[in-house]
Amino acid sequence: MVWPGASYWWLIGASLIIGVGTGIFSVVFSYILQMESPDGKVGQMSGMYNSLNGILLLVAPITGGFLVQLFGVFTIFQVIGMITALIGLFGIVMQNVLWGRRDTEKSSKEERDIV
C-alpha cells in the first residue's frame, strides 16, 4: 500500500535494485561455493545450502510476523538494521582473523590454473 500522493516509481526502483542485488548474490555465492568447497564435496555443500535456505524461507516470515506484532514494524527494522550493520562491521574489521590472510599472488595463480 502506497500513501496518498506518493508515486509508484520508488517501488519499481527499489524492486529493480533488489532484483539486481539478488542476481549478483547468486552468482557470487555459487562461485564461492565452488572455490571454497573441498574436492568432491561441491554437491554436498550445495545441497546443505539449499536445505538451509529452504528452512529459512519457511521460518523467517513466521518469526518476522510474530516479532512485528510484539514490537512494531519500525522497531524491528531498526534493530535488524543495526544488527546487520554490526555484523558487517565486525566482518570488515576482523576479516584477517576470520578468513586468514591469503597470499594474493599464490591464490591468483591457482585461480588461473583452474580456469
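Start by selecting V28, which sits in helix α1. Keep in mind as you look around that this is a predicted model. Is V28 buried, or is some of it exposed? With a relative accessibility of 41%, V28 counts as partly exposed.

Now add L16, V20, I24, Y31, I32 and M35 to your selection. Together with V28, these residues make up a nonpolar patch on the surface. Switch on a surface view if you like: the patch has about 630 Å² of accessible area in total.

Next, clear that and pick F25 and F29. Both belong to helix α1, which covers residues 9-36. Being 4 residues apart, F25 and F29 are separated by about one helical turn. How many aromatic pairs does the structure hold? There are 2. In the pair you have just selected, the ring centres of F25 and F29 lie 5.6 Å apart and the planes meet at 25°, so this pair is stacked. The reasoning is simple: planes under 30 degrees apart count as stacked.

Try colouring by accessibility here. F25 is partly exposed, at 47% relative accessible area. F29 is partly exposed too, with a value of 25%.

Keep F29 on screen and add Y49. These two rings form a tilted aromatic pair, with 4.3 Å from centre to centre and 35° between the planes. Where are the two partners along the chain? F29 is in helix α1 and Y49 is in helix α2 (residues 42-71), so zoom out a little to see how the pair links distant parts of the chain, 20 residues apart. Y49 is partly exposed, with a relative accessible area of 26%. Show F25 again and you have the whole group: F25, F29 and Y49 form one aromatic cluster.

From here, move to the loop between α1 and α2 and select S37. Is S37 buried or exposed? S37 is buried, because its relative accessible area is 12% and the cut-off for buried is under 20%. Draw a distance from the side chain of S37 to the backbone of L33: a polar atom of that side chain lies 2.5 Å from the backbone oxygen of L33. Then show what else surrounds S37. Leaving aside residues up to four places away in sequence, S37 touches I32, V42 and M45. You have met I32 already, as one of the residues in the nonpolar patch.

Finally, zoom out to the full protein chain and switch to a cartoon view. What do you see in the way of helices and strands? The chain has 5 helices and 0 strands, and from the N terminus on its elements run α-α-α-α-α. Of the 115 residues in the chain, 5% are buried, and S37 is one of the buried residues. Turn the surface back on for a last look: the accessible surface of the chain comes to about 10,200 Å², and 71% of that belongs to carbon and sulfur atoms.

Notes
Residues are numbered from 1 along each chain as its sequence is written. This is a predicted model: local features need pLDDT of at least 70, side-chain atom pairs count only at pLDDT 80 or more; totals for chains, interfaces and linings use all residues. Side-chain values use heavy atoms; hydrogens and water are left out. Rings of Phe, Tyr and Trp (its six-membered ring) pair if their centres lie within 6.5 Å; planes under 30 degrees apart count as stacked, over 60 as edge-to-face and the rest as tilted. Helices (H or I, at least four residues) and strands (E, at least two) are DSSP runs, numbered from the N terminus. Buried means under 20% relative accessible area, exposed over 50%, partly exposed in between (1.4 Å probe, protein chains only). A polar contact is a pair of N or O atoms within 3.5 Å; within protein, one must be able to donate a hydrogen and the other to accept it, and residues adjacent in sequence count only if both atoms are side-chain atoms. Contact means heavy atoms within 4.5 Å. Accessible areas come from the Shrake-Rupley method with a 1.4 Å probe; for residues, only the protein chains shown count as cover. Patches are made of residues with over 30% relative accessible area and no salt bridge: like charges are joined within 9 Å, nonpolar side chains (Val, Leu, Ile, Met, Phe, Trp, Tyr) within 5 Å. A salt bridge is a side-chain nitrogen of Lys or Arg within 4 Å of a carboxyl oxygen of Asp or Glu.
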